[in-house]
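Hi everyone, thanks for making time this morning. I'd like to walk you through one structure, so please have the viewer open and follow along.

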Amino acid sequence: MTHTCRRSRRSRVLAPTAALLVLVVAGCSGGDQPSVAVPTPSPEAAGYCGELHEELPGTVDDLERTDPSPDSDLTAGWGDGAIVLRCGVPRPAKMDDSQSKAVDADGVNWLLEQRDDAGPRFTTTYRKAYVEVTLGSEYAHDITPLSAFAAPVKRTVPDSL
């Protein structure tokens with residue numbers, strides 16, 4: 001009977017320790033994800049975004065995919081926030097500005113917006129859903145990551161023209 005009591009106490013001591021370990025590990029793994037505002041697109045655009053989400057690469061510019069929080073088919077990230085994609089964003093007002101700049105990356109046209117406080121922001125043009133990619137300041141003069149999104153965007157988000 002003494003033997004049973006020892007096991008019982010030991011189990012009670014290990015149970016909270018194991019639970020605490022799970023909480024610590026969960027807390028550490030979730031804390032690195034940046035928080036990103038999730039867009040609220042139309043149902044049609046959300047459908048295209050869901051398809052795009054499935055086609056996005058696991059790495060971009062040698063950065064591993066680390067999706068931001070909250071978890072959504074409308075957002076994705078690489079390199080703990082160095083590159084963030086949001087699909088289904090509203091049409092940027094800058095698209096009405098005749099002085100705005102655009103770039104072409106492997107057949108996908110992107111509106112370029114330089115941001116003072118961070119790296120550039122790019123938004124697709126002439127697509128049935130607007131896809132926005134923000135790059136960290138380390139990409140201030142580098143559009144190389146956009147090439148990784150060209151094929152998935154072309155396959156999943158139709159032209160609007």
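**Starting from W110**

Let's begin with one pair: T124 in β7 is the bridge partner of W110. What stands opposite W110 in β5? That is V103. Before I go on, please keep in mind that this is a predicted model.

Now for the strand that holds this tryptophan. Strand β6 covers residues 108–113, and five of its six residues are buried, so to speak of it as mostly covered is fair. On one side, β6 pairs with β5, residues 101–105, in the antiparallel sense over five bridges. These two strands make a hairpin with two residues between them, and D106 there takes a positive phi near 50°. On the other side, β6 runs antiparallel to β7, residues 121–124, and four bridges join the two. Another pair to look for here is E113, which stands opposite R121 in β7.

Let's zoom out. In what order do the six strands of the open sheet come? The order is β3-β4-β8-β7-β6-β5, with antiparallel pairing. The edges are β3, residues 75–78, and β5; each has a single partner strand, so one side of each is left without a neighbour in the sheet. If you fit the axes and ignore direction, neighbouring strands of this sheet are turned by 25° against each other on average.

Next, the helices. Helix α2, residues 43–55, packs on the sheet and touches β3, β4 and β8, its direction making about 155° with that of β4. Helix α3, residues 147–156, lies across β3, β4, β5, β6, β7 and β8, and runs at about 130° to β6.

That brings us to the nonpolar core. Which residues have the most contacts inside the largest one? They are W78, I83, L85, W110, V133 and F149, in a core of 28 residues. So our starting tryptophan is back, because W110 is on that list. At least two residues of this core come from each of α2, β3, β4, β5, β6, β8 and α3. The most come from α2, which gives four residues.

Finally, a look at the other tryptophan on that list, W78. Leaving aside neighbours within four places in sequence, W78 is in contact with a set of residues including I83, L85 and F149. Also among the contacts of W78 are L56, P57, G58, T59 and V60, as well as L63, E64, R65 and T66.

That's my tour, and I'm happy to take questions.

Notes. Residues are numbered from 1 along each chain as its sequence is written. This is a predicted model: local features need pLDDT of at least 70, side-chain atom pairs count only at pLDDT 80 or more; totals for chains, interfaces and linings use all residues. Side-chain values use heavy atoms; hydrogens and water are left out. Buried means under 20% relative accessible area, exposed over 50%, partly exposed in between (1.4 Å probe, protein chains only). Two strands pair if DSSP finds at least two bridges between them. Axes are lines fitted to C-alpha atoms, for helices over the stretch in contact, and angles run from 0 to 180 degrees between N-to-C directions. Contact means heavy atoms within 4.5 Å. A nonpolar core is a set of buried Ala, Val, Leu, Ile, Met, Phe, Trp, Tyr and Cys residues joined through side-chain atoms within 4.5 Å.
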